[in-house]
Structures are given as C-alpha cells and as structure tokens.
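This briefing goes through one protein model by topic. Please keep the sequence and the 3D view at hand while reading.

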Amino acid sequence: MKRLNLAIIGQGRSGRDIHGVYCRSERNAYYNVKYIVDFDERRRNQAKDLYPGCETFSDYKELFNKDDIDLVVNASFSHMHFEITKELLEHRKNVLVEKPFARNMYECETLINTAKKSGVVLAVFQNTQLAPFYLHALKLASDGTLGEVEQVSIRYNSLSRRWDWQTLQKYMGGSAYNTGPHPIAMGLGFLGFDKNSKVVYSKLDTCLTSGDAEDYVKILLAAPNKPLVDIEMNSIDAFSDYNIKIQGSKGTLKSNPKHYQLKYVVDGENPEQPVQEHFLEDENGNPLYCVEKLKTHEESGDYDGTAFDVGTAGIYENLYYAITEGRELAVPLFHSAMTINVVEEAHAANPLDRKSGSAGIAETD
C-alpha cells in the first residue's frame, strides 16, 4: 500500500495531540508526515523530532507550490479555517479541516463549491461521528430495542472554567463552535440529518468563562415524526453522568464514551393492564396507588475505543480511500454544514456582548 504525503498546519492541541498522535501510532498505515507548518519556531523544531525527515514552514502558503502533498490537515485557529481551507482548495490541495467547518452556512457552501470546482477532496474532521458509543446509540435508536424513541438528550457538561483564546468571540471561541460540532452533529444524526430539522429553542450565555464567548449552550432540535433532541454544553453542571441518553417507549440507554447502561421491557412479557375508570382499592377497600413492577432487562458494558483513537483512525482510513479510489466520505460534507447552520442559528437568536481579549494570536494553533 502506497502511503500518502501529509502536511499538517498547526502544532497545537489538535494538530499535535490528535492528528499527530494518530500519525505516529500503529493505526496509521496510510500517511507519511511530509510537512509541518507552525508560526512558532520552538514547535517547528519539536516537529522535526516527532516526524523525522519532515520539512517545516512558518507560513502555510509555502505549501501551495509543493507537488508532493496528497493531503493537508488544517488544524489552524477556528476563525482561520475558512480562509486557509479556501486557499488550499484553490491551489488544488485535498484538505481535511478541523471542526468547526466554518463560521456559517455561506462559508460552508463556498468551500464545498470550491472543492468541486478544483476537483479535489474536502473533508471535515468530526471524529465523534465514528465513535463507538455514538454508533452504538444510533443502532439502539433504530433497531427497536428501545421502542419508539421520544427524546434524545446529549450532554457535554462539567464544572469548569477556561480563559484561553477559545473564550473569545473574535476567534470563533465558545462552546457552540468549539465543542458544539460533536453533540450537534450527533443530535442531527438521531434525526437522520433530516433537511426539515429545526432549532425550536436555543439559549447561549456566559457563566464561568473569563471571555465573552458562551460557556452555556442549550439547543432543542426537532423534525417531523422524529424524536425531540435536547442538547446541552455548559460549564456549570457538576453532576452530569452521561453524554447520551435515549428514552424510548420500551426503555432507556445511558452512555458515555467508555461505558453504557441499558434498561428495557420486551413485548409480551408485561401484559397490558385493563384501564379502570374508578379508584383502585385493596381487598379491604383501602386506596391503592396505581403502580406495578415491570419485568425488565438490564445490560451494561464498555466500549472498545473512543473518538480519539477509533474515530480518528476511521476518518483517516476513509479519507485515504476517498482520495485514492473515490469512495464516499464517512462524514458527508452536508452533515457538517447542517451542524454549522445550527450553531449559526443559535448565535443569531442569542447575541452576546463582546469584550476585548488580551494578546492576539498568530496563524496556527
């Protein structure tokens, strides 16, 4: 198998600690890291040790005329995703852009159209879409185990505080753009990425953050004949014990990336009780509360892998074959665009005051 040459823009938390970790792992049978771009000289020098033989640049534009690049990973700061990705596509480079895809639907559509015009592959790095706990939840929501699904709750909550660039609106910071692509895309997945999906309620606010971007997000999604999807991302919930909870007519799933619990009833094991219009009473005429002990089944288990190992490897493997054989993307671009559209709507409905940050930031994280 011929390995593809990879260029990574950015050696921050994503570029080094997610994409770089994958590239240096045994899971990577597909790519050689050929070029590294970062504005920081120290990080460039570190990259030479991490990826022996690679060439480093301080400016991503140095990649434009390199003919031996098969894929560029854009792990720059969020507010730079659109501009850098667009320029790379215009120079006929295949691009994997970190989440968020872009700032709004217009930018997403512009990038999609630019990729088509240039005849190159564009993909968005939403590795949670291939995470085992999410795929398991999708299966249970559709195979009838839980019956008719009424509500899906997705929680990415904690009691915590941030004070980095991700807390400032001018850098596209905040929970909706930063964390949001994970739970929002999952929520849309439970709606089948129905194009009639709507944001029926949203609230953005600032709580513990030191910046002006939101650290409290509440979004309700709905689509015709689909479950209600209730999404939260906040920094003030000290007792959230799940990431996904599915409530169906036959039972409930509660899960996080490592573990799940399932409790449900099976058809025929709990015969229907006839409705009684009068009050219930025992043999002595004393009132009874209307309750019974249902026969239920319970399961629990652990997942083998997370978004950061299995999910990341899946994205990269799929992208290899999308580039070399023309396969369909595992995470379709319109899924990522729909996700950004939800974020855009939530921001439009909940404008937040802006304040100045401290020092500016350079081109890559």
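**Parallel sheet**

Six strands make up an open sheet with parallel pairing, in the order β3-β2-β1-β4-β5-β6. Its edge strands are β3 (55–57) and β6 (122–125), and each of these pairs on one side only. From one strand to the next, the twist averages 25°. The model is a predicted one.

- Strand β1 (residues 4–9) pairs with strand β4 (residues 71–74) in the parallel sense, over 4 bridges.
- Within this pairing, Leu6 has Leu71 in β4 as its bridge partner.
- As general background, the strands of a sheet pair through backbone hydrogen bonds, and the sense can be parallel or antiparallel.

**The whole protein**

- The protein has 9 helices and 14 strands.
- The C-alpha trace spans about 90 × 50 × 35 Å along its principal axes.
- The protein has 365 residues, of which 51% count as buried.
- Among contacts in the protein with a separation of 6 or more, 73% are between residues 24 or more positions apart.

**Thr56, on an edge strand**

- Thr56 is located in strand β3, which is an edge strand of the open sheet.
- The relative accessible area of Thr56 is 17%, so the residue falls under the 20% limit for buried.
- Not counting residues up to four places away in sequence, Thr56 touches Ile36, Arg44, Ala47 and Lys48.

**Gly15, in helix α1**

- Gly15 belongs to helix α1, which covers residues 15–23.
- Is Gly15 buried or exposed? Gly15 is buried, and its relative accessible area is 0%.
- Leaving aside neighbours within four places in sequence, the residues in contact with Gly15 are Ile8, Gly10, Gly20, Tyr51 and Ala75.
- One of these contacts, Ala75, is 60 residues from Gly15 along the chain, and the two C-alpha atoms are separated by 5.3 Å.
- Another of the contacts, Ile8, falls within the residue range of strand β1 (residues 4–9).

**Packing of α5 and α7**

- Helix α5 (residues 132–142) packs with helix α7 (residues 181–190) at an angle of about 20°, and the axes are 10 Å apart.
- An angle under 35 degrees counts as roughly parallel, and α5 and α7 are therefore roughly parallel to each other.
- The two helices, α5 and α7, make a right-handed crossing.
- On the α5 side, Phe133, Tyr134, Ala137, Leu138 and Ala141 take part; on the α7 side they meet Ala185, Met186, Gly189 and Phe190.
- Sorted by class, the residues in the contact of α5 with α7 are 8 nonpolar, 1 polar and no charged.

**Antiparallel pairing around β11**

- Strand β11 (residues 244–248) pairs with strand β7 (residues 149–157) in the antiparallel sense, over 5 bridges.
- The bridge partner of Ile154 is Ile244 in β11.
- Strand β11 is also joined by 5 bridges to strand β12 (residues 251–255), and these two strands run antiparallel.
- Ile244 stands opposite Ser255 in β12, in addition to being the bridge partner of Ile154.
- A hairpin is formed by β11 and β12, and 2 residues lie between the strands.

**Backbone points in loops**

- Which two residues does a cis peptide bond join? The bond is between Lys99 and Pro100, and omega is about 0°.
- Pro100 is placed in the loop between β5 (95–98) and α4 (105–118).
- Phe193 has a phi near 50°, a positive value in a residue other than glycine.
- The loop that holds Phe193 runs between α7 and β8 (198–205).
- Phe193 counts as buried, at 8% relative accessibility.
- Asn225 is not a glycine either, yet its phi is positive, at about 60°.
- Asn225 is found in the loop between β9 (216–222) and β10 (228–234).
- The relative accessible area of Asn225 is 79%, and Asn225 is exposed.
- Phe193 and Asn225 can thus be set side by side: Phe193 is buried, whereas Asn225 is exposed.

Terms used
Residues are numbered from 1 along each chain as its sequence is written. This is a predicted model: local features need pLDDT of at least 70, side-chain atom pairs count only at pLDDT 80 or more; totals for chains, interfaces and linings use all residues. Side-chain values use heavy atoms; hydrogens and water are left out. Axes are lines fitted to C-alpha atoms, for helices over the stretch in contact, and angles run from 0 to 180 degrees between N-to-C directions. Angles under 35 degrees count as roughly parallel, over 145 as roughly antiparallel, 65 to 115 as roughly perpendicular and the rest as oblique. A crossing is left-handed if the near helix is turned anticlockwise from the far one by less than a right angle, and right-handed if clockwise. Contact means heavy atoms within 4.5 Å. Ala, Val, Leu, Ile, Met, Phe, Trp, Tyr, Cys and Pro count as nonpolar, Asp, Glu, Lys and Arg as charged, and the others, Gly among them, as polar. Two strands pair if DSSP finds at least two bridges between them. Buried means under 20% relative accessible area, exposed over 50%, partly exposed in between (1.4 Å probe, protein chains only).
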